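Reader: I am in my first year and would like a close look at one part of this structure, the metal site and what lies around it. Please take me through it in one connected answer.

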Amino acid sequence: MVKHHLSDLRGCFADTAAYEAALAQDDPLVYTVASVTPADGDGDLHCGVGLIRPGKIGGEYFMTRGHLHSWRAAAEFYIGLSGEGVMLLEEEATGESRLVELRPNSVVYVPGHTAHRTINVGRTPLTYLGVYPAKAGHDYAAIAKNNFRCVAVERNGKPEMIERNDLLASKGT
Ligand SMILES: [Fe+2]
């Protein structure tokens with residue numbers, strides 16, 4: 001199981017001042033991923049079980065770093081297991097973004113060439129299963145460099161997708 005603490009998420013949250021202030025207090029566990037990789041032949045599948053703890057930094061919910069697949073054409077599906085989540089999907093070439101609910105016993109299909117980030121918008125742990133081609137691979141560097149164009153924040157008690165730049169402008173940073 002790979003554990004990701006708040007300190008591993010540097011650069012993910014738009015409000016860097018809130019991030020640094022939170023990190024100065026504590027470095028909590030934010031999410032874990034347990035991967036199952038039985039074989040890696042052309043026709044094989046891998047899967048991962050993710051758990052994201054509830055929490056927020058500067059109005060943004062606790063989330064995964066997010067990634068593209070190294071083999072860009074590789075799609076993936078996620079199945080919600082428990083808790084309330086959303087997935088932020090961003091088409092790599094166009095930057096077109098959408099927020100999709102991830103709920104227990106529901107499936108989210110992530111097409112190829114699409115960056116994806118999973119976000120806990122509830123008050124309990126969010127757990128989910130992701131299934132992808134064994135040869136998909138994970139490219140975290142592209143996201144670390146450019147980040148997602150949009151963020152998910154709570155507005156009137158519900159998650160809403162807004163442009164990262166608009167969030168920064170609203171905070172005067
Ligand atoms: Fe993926």
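Author: What follows starts at the metal site and then moves to the strands and the core.

The model is a predicted one. In it, the iron ion is coordinated by four residues: H67, H69 and H116, each through NE2, and E76 through OE, at 2.0 to 2.3 Å. Along the chain these donors follow the spacing H-x1-H-x6-E-x39-H. The angles among the four donor atoms run from 85 to 163°. Four donors count as tetrahedral only if all angles lie between 85 and 135 degrees, and the site of the iron ion is irregular.

Two of the iron ligands can be placed by their accessibility. H69 has 3% relative accessibility and therefore counts as buried, the cut-off being under 20%. E76 is buried as well, because its relative accessible area is 4%.

The number 76 also opens a strand, since β6 covers residues 76–82. Strand β6 pairs with β9 in the antiparallel sense, over four bridges. Within this pairing, Y78 stands opposite V108 in β9.

Now take β9 itself, residues 107–110. In a regular strand, side chains alternate between the two faces of the sheet. Strand β9 shows this alternation: V108 and V110 point to one face and are buried, while V107 and Y109 point to the other and are not.

Y78 leads on to the core. The largest nonpolar core has 31 residues, and Y78 is among those with the most contacts inside it, together with L6, F13, M87, L102 and I119. At least two residues of this core come from each of α1, β2, β7, β9, β10, β11 and β12. Strand β7 gives the largest share, four residues. A second, separate core has five residues, including A14, V151, I162 and L167.

L102 ties several of these parts together. Leaving aside its neighbours within four places in sequence, L102 is in contact with Y78, V108 and M87, and also with I79, G80, G83, E84, G85, V86, T118, L126 and Y128.

Strand β11, residues 126–133, also holds T127. This residue counts as buried because its relative accessibility is 15%. The side chain of T127 makes a polar contact with the side chain of S82, at 2.6 Å. Beyond its neighbours within four places in sequence, T127 is in contact with S82, G80, L81, G50 and L51. Strand β6, which spans residues 76–82, is thus where this account returns.

Key. Residues are numbered from 1 along each chain as its sequence is written. This is a predicted model: local features need pLDDT of at least 70, side-chain atom pairs count only at pLDDT 80 or more; totals for chains, interfaces and linings use all residues. Side-chain values use heavy atoms; hydrogens and water are left out. Buried means under 20% relative accessible area, exposed over 50%, partly exposed in between (1.4 Å probe, protein chains only). A polar contact is a pair of N or O atoms within 3.5 Å; within protein, one must be able to donate a hydrogen and the other to accept it, and residues adjacent in sequence count only if both atoms are side-chain atoms. Contact means heavy atoms within 4.5 Å. Donors are N, O and S atoms within 2.8 Å of the metal (3.2 Å for Na, K and Ca); water is not among the atoms, so sites may look incomplete. Four donors count as tetrahedral if all angles lie between 85 and 135 degrees; four count as square planar and six as octahedral if opposite donors are over 155 degrees apart and all others between 65 and 115; anything else is irregular. Two strands pair if DSSP finds at least two bridges between them. A nonpolar core is a set of buried Ala, Val, Leu, Ile, Met, Phe, Trp, Tyr and Cys residues joined through side-chain atoms within 4.5 Å.
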